[in-house]
Every structure is written in C-alpha cells, then in structure tokens.
Amino acid sequence: MIIAPKIRGFICTTAHPEGCAKQVAEQIAVVKSRGLIENGPKKVLVIGSSTGYGLSSRIAAAFGSNAATIGVFFERPGEADRTATAGWYNTRAFEQEAAAAGLYARSFNGDAYSDPVKAEVIAAIKADLGQVDLVIYSLASPRRTDPQTGEVYKSVLKPIGQRYTNKNLNTGTGVVNEVTIEPAEGDDIEQTVAVMGGQDWELWTDALLAAGVLANGVQTVAYSYIGPEVTWPIYKNGTIGRAKEDLERVQRVLDTKLAPLQGKAWVSVNKALVTQASSAIPVVPLYISLLYKAMKAQGTHEDCIEQMDRLLRDRLYSGNPQPDEAGRIRVDDWEMEPALQALLAKYWQEVNTENLAQLGDFDGYQSSFLRLFGFGLSGVDYSADTDPGVGIPSLPQ
Ligand code: NAD
C-alpha cells in the first residue's frame with residue numbers, strides 16, 4: 001500500500017516502515033560517529049524500547065557499546081491494509097541493524113506492567129544473557145493495569161489546586177491560542193502516580209533481583225522532566241510532576257535494594273523533545289518550538305539520540321555522573337542554562353501566531369513529529385508500494 005501520514009490531533013495513526021528504518025539508521029550513525037563508549041554497558045534491558053527516549057537508549061547501548069539488548073514495548077503489528085505503529089517498525093529496523101552488526105537483540109511486545117511479561121523477559125535474560133548490567137525504564141503510558149488487583153489506573157495531565165491558563169500551540173495549524181485546564185479532582189493524583197510513578201519500576205527491579213539476573217555493579221535509570229516555570233503548573237507541579245516525585249522516592253529505595261550488588265539507581269532528567277508522549281501535553285509543544293529554534297541557533301540542540309548517547313557516555317559510564325543536589329543526573333543541563341531560559345521566558349511573553357515562525361521552530365516541530373512515524377525522511381520513496389505487514393525478526397511471525 002501507499003502509506004501517507006494520517007494525523008488525528010496529537011497522534012499520527014499511520015507509520016512508514018522504510019521511513020522508520022531510515023530514522024533508526026540515522027540514530028545509529030550518530031552514535032557510531034562518536035566512537036565506542038569506554039567501559040560501557042554490555043547487557044542491557046530497556047523497558048519502553050520502541051520509541052522516543054527508550055529507543056534511543058537501546059541504540060546508544062547497542063551501537064555505542066556493542067551491548068546485547070532486550071527490549072520491551074507495547075506496539076501494534078501491521079496487517080495487509082493497515083500499518084503497524086511506529087515502534088513496531090523501529091524495532092524491526094533496530095533488530096535488523098543489530099543482526100548485521102553481530103549484536104544480540106531480542107524483543108518482547110506486551111504489557112510491561114504485567115507479571116507474565118516480567119516473567120517472560122526474566123526467563124530470556126537467564127537463558128540468553130545470564131544477567132544484565134543496565135536496566136533502562138522508559139515507559140510512557142496513559143494507563144496501567146495493577147498486576148495484583150486488576151484495577152486500571154488512568155494518568156491525567158492536570159494542574160493541582162487551581163485551573164491553569166496559558167498559551168498553547170495548535171500543532172496542526174500553527175495557531176497560538178490559549179488553553180485552560182481544570183485542576184485535578186477526585187483521585188486524579190493517585191491514579192497518575194500509579195501509572196507514571198515508580199511503583200512498576202520497583203516491581204521490575206524486585207523481580208529482576210529475586211531472579212538473580214542483575215549483575216554486580218548494575219545501574220538502573222528512569223527518566224524525568226523538570227522544565228521552565230511556564231510549564232510548571234501543568235508539568236512539574238501538576239499530576240505528572242507528582243508521579244515524577246514518586247519516581248525519585250523509588251530511586252532512593254532502589255539504591256538501598258541494589259547496595260548489596262554495589263548497584264545504583266538513577267533518575268535522569270532529560271530535555272524536552274518531540275515524542276509521542278510529549279506531544280500530548282498541553283502548552284509544552286509551544287515551549288518546545290521556542291526551545292528548538294534557540295538551541296539550533298546556539299548549536300546546542302540535541303534529539304533523543306544525542307541525549308541518550310551523552311547520558312551513557314558522559315554520565316553513567318564516565319566515572320563522573322555529575323548528580324545535582326537531589327542526586328539526579330541532568331542531561332537537561334543545556335536546556336536549563338540560565339541565559340537560554342531567560343531568552344525563552346522573553347519569547348514566551350511575545351510569541352503569537354504571527355511571529356511564531358520568527359521566534360519558534362514550528363517547521364522543526366512538525367517535521368520532528370512526522371519523523372516519529374517515519375515520514376519526511378530523505379531517501380525514502382513515499383510513492384512506492386510498501387508492505388505494512390512486515391514482522392520483527394525476534395518475535396513470532
Ligand atoms: P514514548 O511515548 O516515545 O515511549 C514510550 C514507550 O513506552 C514506548 O516504547 C511504548 O511502546 C512503551 N509502552 C507504553 N506502555 C507500555 C506498556 N503497557 N507495556 C510495554 N511498553 C509500553 O515516550 P518518551 O517521551 O520517550 O517517554 C519516556 C520517558 O521519558 C517517560 O518517563 C517520560 O516522562 C520521560 N521524558 C520525556 C521527555 C520528553 O520531552 N519526551 C523529557 C524528559 C523525560
């Protein structure tokens with residue numbers, strides 16, 4: 001079939017296998033161009049490995065450190081007349097590239113929050129790798145089913161205490177308007193913490209520890225975001241921020257649990273980037289448009305792959321992780337640089353539909369968004385008849 005983007009609000013319901021393969025290849029090229037990471041990870045489990053930060057973590061570990069990788073994700077395969085989700089095609093491409101490079105790669109498509117998926121992954125680690133020395137936790141999901149009770153928790157993006165009004169970008173039209181979001185009510189906070197907080201990270205770590213599949217000196221990392229004050233009501237101080245606080249609480253718990261193995265748990269605060277998860281957050285896409293323009297102009301712009309390469313190369317495996325006062329790794333350091341933030345705060349006041357192209361990088365936002373789904377990559381023939389039903393080598397066909 002001829003595959004074109006079909007955008008519905010902040011999601012694209014189609015994905016292009018060749019385009020996804022191209023963007024995976026481009027990420028691999030970035031990592032390879034930086035050379036091997038000295039004393040980098042060798043056996044890596046990535047939970048949430050098919051898109052965004054998790055995919056780039058997997059690529060950085062595999063192609064920056066020749067690591068064997070196991071990836072876990074929740075993606076929909078394609079059919080004869082319906083495309084798969086982008087993460088499916090990304091993983092197919094990743095596995096093909098890994099095989100060509102002689103690297104072990106195995107993937108699991110299922111609900112990472114569930115006990116059976118944890119058990120399956122642990123069995124694979126035991127059988128194929130023995131142990132892992134790095135566990136990346138990069139899930140982003142709107143819901144989670146509690147493995148014990150079967151209760152379905154729903155995550156919401158809401159301010160806490162009072163309604164929040166701010167500028168917002170319609171990412172389809174480029175119109176800068178205003179959005180008002182009502183505050184959390186009922187058990188919104190608890191539900192969001194149950195999905196995006198640290199509980200499942202702890203369950204994974206407990207299960208991996210109990211099975212004896214964590215190597216001495218193991219590191220585990222989960223991802224967080226802080227960002228500028230304009231977004232705090234909806235992010236840092238909102239329901240999602242509470243979940244991220246919970247992640248930090250669990251990080252400290254995991255540090256204690258991993259101490260007998262001389263292991264270490266980290267929260268890494270990453271840069272705001274266009275991903276499937278971040279495009280769903282109100283206000284943030286406008287901020288990202290301003291951020292991209294300013295960082296590109298400064299020459300400091302990074303995408304997920306540059307961020308994750310820097311996380312492994314310059315922090316986790318450099319012997320100098322440079323934690324902040326709360327013990328977090330900060331690869332959002334270039335984003336949060338005070339002079340840049342002062343400029344962005346000024347632009348935030350000024351930005352409107354008319355000057356968006358001048359102050360922000362709306363084109364960059366849109367092309368980054370389309371690239372997530374494999375569209376707009378050079379060298380891909382989008383007019384070619386393409387099979388959407390292609391499989392992932394390590395998964396049952
Ligand atoms: P993403 O949507 O690109 O990736 C989410 C991943 O989780 C995918 O691999 C998906 O398949 C997987 N997943 C979702 N539900 C699952 C389930 N039930 N079982 C198995 N896999 C499942 O998101 P992202 O933006 O890369 O976010 C990853 C983490 O990084 C999140 O914790 C997010 O808060 C954090 N982060 C994101 C940004 C940003 O700007 N995008 C910035 C800082 C931190």
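Hi everyone, this is a short walk through one strand, its neighbours and one helix in a predicted model.

Let's start with strand β4, residues 68-73. How many of its residues are buried? The count is 6 of the 6, so β4 is largely enclosed by the rest of the structure. As general background, side chains in a regular strand alternate between the two faces of the sheet. In β4, both of those faces are covered. On one side you'll find Ala68, Ile70 and Val72, and on the other Thr69, Gly71 and Phe73, all buried.

Now, which strands pair with β4? On one hand there is β3, residues 43-47, which runs parallel to β4 and shares 5 bridges with it. If you want a spot to click on, Ile47 has Val72 of β4 as its bridge partner. Strand β5, residues 105-109, also pairs with β4 in the parallel sense, again over 5 bridges. Here, Phe73 is partnered with Asn109 in β5.

How does the chain get from β4 to β5? The path goes through helix α3, residues 86-100, and this β-α-β crossover is right-handed. There is also a right-handed β-α-β unit made of β3, helix α2 (residues 52-65) and β4.

Finally, please scroll along to helix α6, residues 199-210. Its 12 residues reach 16 Å from the first C-alpha to the last, close to the 16 Å expected at 1.5 Å a residue. Which residues of α6 are buried? They are Asp200, Trp201, Glu202, Trp204, Thr205 and Leu208. After the helix comes Gly212, with a positive phi near 70 degrees.

Thanks for listening!

Notes. Residues are numbered from 1 along each chain as its sequence is written. This is a predicted model: local features need pLDDT of at least 70, side-chain atom pairs count only at pLDDT 80 or more; totals for chains, interfaces and linings use all residues. Side-chain values use heavy atoms; hydrogens and water are left out. Helices (H or I, at least four residues) and strands (E, at least two) are DSSP runs, numbered from the N terminus. The expected span of a helix is 1.5 Å times one less than its number of residues. Buried means under 20% relative accessible area, exposed over 50%, partly exposed in between (1.4 Å probe, protein chains only). Two strands pair if DSSP finds at least two bridges between them. A crossover is right-handed if, with the strands pointing away from the viewer, the path from the first strand over the helix to the second runs clockwise.
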